[in-house]
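Trainee: Got a minute to go through this one with me? I'd like to start with the charged pairs.
Mentor: Sure, pull it up.

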Amino acid sequence: MAVPTRGAGAGHNEGVSDSTLPSLPTSDRPDVAVRLREALLRASFTADGLLELLGAPAYAALARSETVPALRATRADAPLEALVRLFLLQQPVPHARVADVLPVDACLESGWLVRVGGESDDVCATVDVRPYGGPGGEDWFIVSDLGCAVGGAGGSGSDGRQADEAVVLGVGGASTTLAGITVRTPVASALDLGTGSGIQALHAAQHATRVTATDLNPRALHICALTLALSGAPAADLREGSLFEPLKNGETYDLIVSNPPFVISPGARLTYRDGGMGGDDLCRSIVQGAGERLNEGGFAQFLANWQHVEGEDWQDRLRSWVPRGCDAWIVQREVQDVTQYAELWLRDAGDHRGDVAEYQARYDAWLDEFEARKVKGVGFGWITLRKASAAVPSITVEEWPHPVEQPLGDTVRAHFDRLDYLRARDDAALLEDHFRLVAEVVQEQVGLPGAEDPEHVVLRQHRGMRRATQVDTVGAGFAGVCDGTLSAGRILDAIAQLMGEDPVLLRDRTPAQIRLLVEQGFLEPAR
């Protein structure tokens, strides 16, 4: 496609300038953002509208950064097809084709659109705009740099150029994962650390009275402001700087979220992904620094990468990151060997489409970095902190690569509620309490056909984390009759009588299993 000229968009960057990325729309014309939003909604340029127009295969292909099916599906002259090509597929569109759909003159004046160079009457978008459905059915729009709405930074270099270091991405799998696991209780204040295109700030604005968004990249802050305005959300307090540096002394929050530049790389080429610190130090710094920035009871939730180092337990490594005064739940979702990891991020930047020798040199440098640090693999997952005043913090570090049910925010909050419940009760108090089996938990029995007794009994969740845990005969029997009617102790007494066991011994050895079933969400107190 033709490269947009800078004419109409120039001068609207509010201090953001660089040599390869186009100028951004002005963020000081909220009236234009409102009119543009209304026009997009009238034309059904929404997540639901796209799915209906493109069909499921083409819609899914966009998530894989493949645009050909969508281009084929938008050949007609209808308004929605034109908007998809203009704002999502980065195609020039004739001025006359969108003149009756958009406030074109205002969009040209404020820099959302530019005229294509030469004598053409076509217009192009200066940014990608991706429809995004909010959790309550809201119609939102995520703004990002050209080529970055439906893929990594590699998309911005589709014309053969390398991705610019200041490029700002749109919605990706990591963004939606973090949004899904975030606890969504109403709060007074929320902090989006490293906001990028502003998707986490947008979510936080729905349940936080005050939202602060920070980023080292001034272009990201500008795009965040555009995302919020175009989505009809309140403006955030935007602050430029690295990590917690933009915050005032003593400034604290009820919620901190961050999808940081967590990539462990041999340099800092791309601001959105490369933290510029050695190894996994950036992720460690964010986690450790969050403790003093949280209010009591507040949550801090991050995506992170961490090194698997020869001779070191990765779980111990992560436990050492947890700040004082915080409980933590850390879940490792995936581990890649160093070659897989390097290839993933080289492709993300579009390096595989460039000069072969340069690609190989970058690959080699990545492996040199890992070898020097004795890194054998890289883990990816979620880290949740909860500021608590407990004398002994609870730190859970686990590996769970299996499918889960998003959104998980309520599941995360319930995990810490259960920790508080268990911490407050000794075994005697636990046996006095009443429990219920959580809804949609099923029992599976595994064994040879025709065998009198199963080899294993497994309880399996069909909601939330979708855990499965093996239980013994007592555990299975106990869970099966938990309906809130009888206390745990009375249920164990009945089981002891049926099995011919000493009830005192059974009461002594079973609380640990009850605690595990409660902690993992199979049983809940019947309050």
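Trainee: Glutamate 398 and arginine 467: buried or exposed?
Mentor: Both glutamate 398 and arginine 467 are buried. Keep in mind that this is a predicted model.

Trainee: OK, and how far apart are the closest N and O atoms of that pair?
Mentor: They sit 2.7 Å apart, and glutamate 398 and arginine 467 form a salt bridge. The pair links distant parts of the chain, 69 residues apart: glutamate 398 is in strand S13, while arginine 467 is in the loop between strands S16 and S17.

Trainee: Which residue does arginine 463 meet in a salt bridge?
Mentor: Glutamate 405, at 2.9 Å from N to O. Arginine 463 is in the loop between S16 and S17 and glutamate 405 in the loop between S13 and helix H15, so this bridge ties together parts 58 residues apart in sequence. Arginine 463 is partly exposed at 42% relative accessibility, and glutamate 405 is partly exposed too, at 21%.

Trainee: How many salt bridges does the structure hold?
Mentor: It holds 30. Some share partners: Arg210, Asp237, Arg239 and Glu251 are joined into one network that way.

Trainee: Switching to cysteines, how many disulfides are there?
Mentor: Zero.

Trainee: Why is there no bond for cysteine 124?
Mentor: Because its closest cysteine sulfur, in cysteine 107, is 14 Å away, too far for a bond. Cysteine 124 is also buried, at 1% relative accessibility.

Trainee: And what about cysteine 148?
Mentor: Its sulfur is 16 Å from the closest one, in cysteine 124, so that's too far as well. Cysteine 148 is buried, with a relative accessible area of 0%.

Notes:
Residues numbered from 1 in each chain as written. Predicted model: local features only at pLDDT ≥ 70, side-chain atom pairs only at ≥ 80, totals over all residues. Heavy atoms only, no water. Disulfide = S-S within 2.5 Å. Buried < 20%, exposed > 50% of the residue type's maximum accessible area, 1.4 Å probe, protein only. Salt bridge = Lys/Arg side-chain N within 4 Å of Asp/Glu carboxyl O. Helix = DSSP H or I, 4+ residues; strand = E, 2+ residues; numbered from the N terminus.
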